[in-house]
Structure formats: structure tokens, C-alpha cells
Amino acid sequence: MADDQEKELAARASLEFVRDGDVVGLGTGSTAAYAVRFLGERVRAGLKIRGIPTSVQTQNLAASLGIPLTTLEEVQQIDVTIDGADEFDPELRLIKGAGGALLREKIVASATRSEIIIVDSSKQVPVLGKSPLPVEVIQFAQALVSRKISSLGAAVQLKRDRAGEPFVTDEGNHILECDFGRIPDPELLARTLSDMPGVVEHGLFINLASVVLMGIAGEVVEVRRRSKPIP
Ligand code: 5RP
């Protein structure tokens, strides 16, 4: 069960990784929104940062809090990104994208020096696959890609919005929610999906997270990888 107090604790702890002058990637989702709000408080108290939002939703939130924003045209390197996740395993491989922002989230993560993942304790898994894997597809290829992913053994559903209409991402694409069950080899699945024409991006984040901050029972546990390649 998602726990709001655990999310809030993890989000607050993530601010330790932000320095004056940093370019900060701003994640999407309820946990990342806590971090954006806390950053807004720090900015009002004098912290100088520039944010790169991972979705229109986060862009609106950050702007409403007075956080100065920048773009990937203006900066090549993001110092630190704070984002949530749907699952993480012991290798800090992630499933992301339940909020529908996986494409911009992965682009921002790929340009980030320190990717800080903030989660509640329900997100820790021994093996990825507890939740469906979101796969962003161009609308033209949706049926074709859906059949191909089904043939890999997944139960595939089109992501829908609250009104029951197909969910449309910030980049104008659709999302297939693919339930594979346990994913024993995330690297192989990631390569297989990336090789399918029509797939724009998938929610497997491999070799991207630098640290996971997990709120659990009133504390924050820090889980680290040994190194993250600098893009
Ligand atoms: C959005 C994401 C979110 O970070 C992920 O779904 C976690 O969300 P929440 O913090 O609300 O549990 O990847 O695309």
C-alpha cells in the first residue's frame, strides 16, 4: 500500500542532494510532487536552481511555485534529478511511467549526473514485474506493437484516462500497459522492446538510478549503486 508519509519523508531527504546553482530535473508523480513543493520552499528561501520538468503537469506545478525553469536547448547536463518509481529491484533497475511521463523522464535521466529516486516502501521488489510495464507507442503502430508484445507472453491493455478515453502522452503518443508477470531478464526485455518499430520508449530504467531513497516506518533508507555512467 502506498504510504504518503513515506513518500513525503523520501522527498524531503532528496533535497540534501541539491546544491546552489544546480540544474535540477523535476520528476512526475505524487512522490516527485512532494519534492517539487519542498524545492519551491527552498527557492523562496533563496536557493538558486533551474528546473527541467519531466511533464507538463510538473512544469505547471513548478511554475506555480516560482521555481525558475530551463530547457535541454539551454543546458546539456542536468546536475541532479529527483523522480519517483513504480518499482525498484536490488540492482536499482526500475519500472517507471505509471503516471504516463516515462519518455521525458528517461530523456531527463539520461542527461543527469545524479538520478535520485524517491519511493515509499511498497515500491521495493526482489524481481521487477509486480506492476504492468508501460510502453509508449506511436498511435499508428499501436495494434501491431500490441500484438507483438502479447506474443512475448504479456497481457496488454491500452492505458485510458479518467474519462475512459485513450491516454495521450505529452508527446502525443499512446501507452500500452504490459503485464509480463516476473521479469527475470530486464536487460533482454528492454532491448527487445527498443528494437520494435513503433515503440517510442518503455518504462524499464536500467543503469540510470544513482540512489534510491525509500521512506519506511518513519525513516529513510538509502540504497546505492556502485557507479552510474556519466552521460
Ligand atoms: C510517472 C512515474 C512516477 O514517478 C511513478 O509512477 C511513481 O508515481 P508515484 O510517486 O505517484 O507513486 O514514473 O510517469
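**Exercise 1. The ligand site**

How far is an oxygen atom of the ligand from an N or O atom in the side chain of D86? Work that out, then describe the rest of the site.

*Solution.* A word on ground rules before the steps. This is a predicted model, so local features need pLDDT of at least 70 and side-chain atom pairs count only at pLDDT 80 or more, while totals for chains, interfaces and linings use all residues. Residues are numbered from 1 along each chain as its sequence is written, and side-chain values use heavy atoms, with hydrogens and water left out.

Step 1. The D86 distance is 2.5 Å, from a ligand oxygen to a side-chain N or O atom.

Step 2. Try the same with two other side chains. For K123, a ligand oxygen sits 2.7 Å from a side-chain N or O atom. For E105, the corresponding distance is 3.1 Å.

Step 3. Now ask how much of the ligand is covered. On its own the ligand has 380 Å² of accessible area, and the protein covers 91% of that (areas are from the Shrake-Rupley method with a 1.4 Å probe).

Step 4. Finally, list the surroundings. There are 17 residues around the ligand, where a residue counts if one of its heavy atoms lies within 4 Å. Those that come nearest are S30, T31, D86, G97 and K123.

**Exercise 2. One face of a helix**

Find the buried residues of α6 and say where they sit around the helix axis.

*Solution.* Step 1. Helix α6 covers residues 186-194, and P186, L189, A190 and L193 are buried in it. Helices (H or I, at least four residues) and strands (E, at least two) are DSSP runs, numbered from the N terminus. Buried means under 20% relative accessible area, exposed over 50%, and partly exposed in between, with a 1.4 Å probe and protein chains only.

Step 2. Look down the axis of α6: the buried residues fall within an arc of 100 degrees, so they line one face of the helix. The arc is taken over the directions from the helix axis to the C-beta atoms. The background is simple: an α-helix has 3.6 residues a turn, so residues three or four places apart point the same way.

Step 3. See what lies over them. The cover on the buried residues of α6 includes β7, α5 (142-151), β10 (199-202) and β11 (204-205).

**Exercise 3. Two cores**

Which elements each supply at least two residues of the largest nonpolar core?

*Solution.* Step 1. Start with the core itself. It has 22 residues, and V18, V24, L39, I49, I67, I116 and I118 touch the most other members. A nonpolar core is a set of buried Ala, Val, Leu, Ile, Met, Phe, Trp, Tyr and Cys residues joined through side-chain atoms within 4.5 Å.

Step 2. The elements asked for are α1 (4-14), β1 (23-26), α2 (30-44), β3 (78-83), β6 and β12 (211-216). The largest share, six residues, comes from α2.

Step 3. Don't stop there: a second, separate core of 21 residues includes V137, V145, L193 and V199.

Step 4. Zoom in on I116. Leaving aside neighbours within four places in sequence, I116 is in contact (heavy atoms within 4.5 Å) with S14, F17, V80, T81, I82, D83, V211 and L213.

**Exercise 4. The Q142 and H174 pair**

Place both residues, then describe what joins them.

*Solution.* Step 1. Q142 belongs to helix α5, and H174 belongs to strand β9 (residues 174-179).

Step 2. Both make the buried cut: Q142 has a relative accessible area of 19%, and H174 has 8%.

Step 3. Their side chains share a polar contact of 2.4 Å. A polar contact is a pair of N or O atoms within 3.5 Å; within protein, one must be able to donate a hydrogen and the other to accept it, and residues adjacent in sequence count only if both atoms are side-chain atoms.

Step 4. Beyond four places in sequence, Q142 also touches V137, L158 and L176, while the contacts of H174 include V135, P166 and F167.

**Exercise 5. Positive phi**

N207 and A217: where do they lie, and how exposed are they?

*Solution.* Step 1. Recall that most residues other than glycine have a negative phi.

Step 2. N207 has a positive phi of about 60 degrees, in the loop between β11 and β12. N207 is partly exposed, at 44% relative accessibility.

Step 3. A217 has a positive phi of about 50 degrees and lies in the loop between β12 and β13 (219-224). At 70%, A217 counts as exposed.
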